[in-house]
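I opened this notebook to keep track of what I looked up, entry by entry, and in what order. The sequence and the structure go here, ahead of my notes.

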Amino acid sequence: MTVLLNIRRFGAFGVFHADGACLQLGAKHQALLALLTTAEGGIRTRAFLEKTLWCLAQPEQAKASLRTALSTLRRHLGPEAARLLYANRERVILDLDRVALDSRTGNAEFMEGFELPHEAVFNVWLEETRAECSLRPAAPAARIGAPPGRVVLDGLLPSIAVLPFAHRSPGEATAPLGSLVSEELSRCLSRSWAFSVTSYLASRQFNPGTVRPADVSVVAGADYLVSGAVTCSGSGFHAEIDLHDAVREKVIWSRRFEGSMDKLMQGRSAVLRDATLQIGQTAAGEAVRLADFKPLRELESHTLLMAAISLMQEMSLQKFQQANSILAHLLEREPGHALPLTWMGFWNVMRVERGLSSNRVEDCRLASQLADAAIDAAPGFSLAHTLKGLICSHLTFRFDQALDAYDLALRDNPNEALALLLKGATLAYQDMADEAVQMTDAARRLTPLGPQCYYFDALSALANLSARNFGRAIELSDRSLQAKGAFPVPLRSKAIAQQMSGQNAEARSTVQELLEAAPEFSLSQFQRDNPAAMSPAGQEWASALRQAGVPE
């Protein structure tokens with residue numbers, strides 16, 4: 001693989017392009033690169049970097065300083081080398097596979113003569129690192145890189161950048177409405193499963209009136225670009241939003257929205273949530289279209305991943321099987337990568353959940369193997385731990401192990417919505433109804449605004465059913481069914497809620513829909529395979545299903 005940067009850490013610190021040209025970097029940027037190059041796999045958490053490099057700053061100021069430092073460092077590195085520096089909500093990652101690092105020779109000191117005035121935490125780290133390096137024997141150059149199978153997790157996710165929106169109004173704008181809308185849209189997109197979102201502060205370096213999408217793609221590494229214009233009209237605003245394929249320089253989606261200024265200022269704009277949902281669905285739909293149109297070997301890995309995840313959510317057996325084929329191809333292309341390993345594991349679990357599995361034990365075994373492989377590849381990957389928890393809670397009924405796995409996922413990423421959701425469902429299976437509702441409500445507030453929304457509604461309905469909130473359970477089931485009409489989970493919850501709330505005729509009608517969606521479903525299967533079956537609530541649910549017409 002081509003080396004794009006050479007970094008000299010022993011002796012006077014220096015950063016050089018592959019052609020030998022020296023990069024003039026500020027002290028904070030040098031310190032940031034030193035911290036990343038000494039980390040396993042080139043990965044540091046944002047929290048560690050903020051505390052180490054801005055120890056005297058307030059938390060929000062430190063966060064902003066890190067975002068600015070990353071943006072500036074990318075500009076200094078140049079369009080090609082800037083691709084080596086990734087950042088998501090939790091981590092900053094330097095791709096060490098394309099960086100040549102020196103090792104200590106002779107008596108050379110680590111970052112000789114370097115210090116950061118007033119940054120006591122960094123200076124303590126530096127002294128400890130120097131002491132540790134001095135104990136090691138001088139050796140031929142050895143790169144500190146990723147161990148076999150270690151991955152940069154954002155590498156398979158398509159990246160998206162939101163440009164500052166133009167503010168169109170008579171005279172001067174009285175408030176930075178364009179910046180506000182685009183910054184809020186960036187936050188909404190960061191909750192989607194579909195994208196790695198470029199920092200909004202990094203996107204502000206571009207002039208939306210003159211920049212070409214391809215320029216953003218080269219400098220920021222963005223695959224997709226969102227641009228737009230906003231107009232204020234009294235208590236409301238209008239937003240015209242475009243989604244570009246940045247690499248191919250074409251608009252693939254364009255919509256006009258109207259919303260309330262009050263909701264926007266409160267950070268609760270339904271308009272931006274709707275725009276985010278449509279952007280995610282459009283990008284996923286484009287990926288599915290390309291996967292249907294082109295041979296898989298010609299597509300980029302992130303397009304394959306998006307297509308597979310989207311197809312997994314479809315109720316069509318043919319599309320669900322197609323997702324498996326795409327994931328299998330992606331695993332051949334990206335062997336040992338935690339993302340396709342994890343999603344293939346989810347595919348096996350979903351096959352059981354939908355009643356499509358001919359061998360539940362085998363699917364459970366395969367899903368467990370894939371989860372273990374993903375965790376081995378990326379021990380801190382929250383989604384892989386979430387998969388492990390799902391297997392333990394939904395397939396093997398080891399609720400203690402499931403809760404441990406979800407806690408590991410949430411320790412890695414406190415905003416891992418799927419872990420919150422599934423932890424709530426696990427609490428519902430154990431008759432901890434109030435906690436289940438609180439957890440699933442929190443998950444829905446962080447819902448990935450993409451094809452998985454129906455699943456969040458379905459499990460939230462289950463939690464409300466356990467709390468005997470029958471009306472809410474029916475409402476959430478209907479929302480899920482509106483998106484995915486043949487999904488057995490919300491059909492089952494809806495039938496139980498209707499029967500237990502006295503809507504007997506409606507419950508029987510729902511059971512007929514359930515049996516059409518899952519012809520093999522029966523009370524014996526429910527009592528054998530449902531995680532809640534052994535609880536007092538589960539026994540009530542079985543009785544309600546029997547009364548509503550589910551066969552023995």
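Which residue in β9 is the bridge partner of Ile160? I looked this up in what is a predicted model, and found that the partner of Ile160 in β9 is Val197.

**Entry: around β7**

I stayed with β7 and noted that this strand covers residues 159–162 and has both of its faces covered, with Ser159 and Ala161 buried on one side and Ile160 and Val162 buried on the other. In a regular strand the side chains alternate between the two faces of the sheet. I then checked the neighbours: β7 runs parallel to β9 (residues 196–197), to which it is joined by 2 bridges, and it also pairs in the parallel sense with β10 (residues 224–233), over 3 bridges. On the β10 side, I found Leu225 opposite Ala161.

**Entry: the nonpolar cores**

I next asked where Ile160 belongs among the buried nonpolar residues, and found it listed with Leu189, Phe195, Val226, Leu305, Trp343 and Tyr455 as the residues with the most contacts inside the largest nonpolar core, which has 127 residues. Apart from that core lies another, of 40 residues, and I wrote down Leu53, Leu85, Val92 and Phe122 as being among them. In soluble globular proteins, nonpolar side chains tend to be buried together.

**Entry: the sheet with β3, β4 and β5**

Leu85 led me to an open sheet of 3 strands, in which the order is β3-β5-β4 and the pairing is antiparallel. Why is one side of β3 and of β4 left without a neighbour in the sheet? Both β3 (43–45) and β4 (85–87) stand at the edges and have a single partner strand each, so one side of each has no neighbour there. From one strand to the next, the twist averages 15°. I looked more closely at β4 and β5 (residues 91–94), which are paired in the antiparallel sense over 3 bridges, with Leu94 in β5 as the bridge partner of Leu85.

Two helices lie across these strands, and I recorded each in turn. Helix α1 (residues 27–37) lies across β3, β4 and β5 and runs at about 85° to β5, while helix α2 (residues 46–53) lies across β3, β4 and β5 and runs at about 75° to β3.

**Entry: helix α3**

I followed α3 along residues 59–81 and noted a bend of about 60° at Arg75, with a proline, Pro79, following within four residues. The buried residues of α3 include Ala62, Leu66, Leu70, Leu73 and Leu77, and I also noted that Arg74, beside the bend residue in sequence, is listed as buried.

**Entry: the sheet with β1, β2 and β6**

I turned to an open sheet of 3 strands in the order β2-β1-β6, where the pairing is mixed. Here β2 (14–17) and β6 (99–101) are the strands at the edges, and each has a single partner strand, so one side of each is without a neighbour in the sheet. The twist in this sheet averages 20° from one strand to the next. Between β1 (residues 5–8) and β2 I found antiparallel pairing over 4 bridges, in which Arg8 stands opposite Gly14.

**Entry: three loop residues**

Which residues that are not glycine have a positive phi of about 65°? I found Asp431 and Arg468. Most residues other than glycine have a negative phi, and most peptide bonds are trans. Asp431 sits in the loop between α16 (417–429) and α17 (433–445), and with a relative accessible area of 35% it is partly exposed. Arg468 sits in the loop between α18 (453–466) and α19 (470–483), and is partly exposed with a relative accessible area of 45%.

I added Ser316, which is in the loop between α10 (301–312) and α11 (317–333) and counts as partly exposed at 31% relative accessibility. The C-alpha atoms of Ser316 and Ala486 are separated by 9.0 Å, although these residues are 170 residues apart along the chain.

**Entry: the whole chain and its confidence**

I closed with the totals: the protein chain has 23 helices and 12 strands, and of its 552 residues, 56% count as buried. The mean pLDDT is 82, and 87% of the residues reach 70 or more. I marked residues 139–152 for caution, where pLDDT stays under 50 and the model has 38 contacts beyond four places in sequence. I also marked residues 171–175, where the pLDDT is below 50 and the stretch has 2 contacts beyond near neighbours in sequence.

Conventions. Residues are numbered from 1 along each chain as its sequence is written. This is a predicted model: local features need pLDDT of at least 70, side-chain atom pairs count only at pLDDT 80 or more; totals for chains, interfaces and linings use all residues. Side-chain values use heavy atoms; hydrogens and water are left out. Two strands pair if DSSP finds at least two bridges between them. Axes are lines fitted to C-alpha atoms, for helices over the stretch in contact, and angles run from 0 to 180 degrees between N-to-C directions. Contact means heavy atoms within 4.5 Å. The bend at a residue is the angle between axes fitted to the seven residues ending there and the seven starting there. Buried means under 20% relative accessible area, exposed over 50%, partly exposed in between (1.4 Å probe, protein chains only). A nonpolar core is a set of buried Ala, Val, Leu, Ile, Met, Phe, Trp, Tyr and Cys residues joined through side-chain atoms within 4.5 Å. pLDDT is the predictor's confidence in each residue, from 0 to 100.
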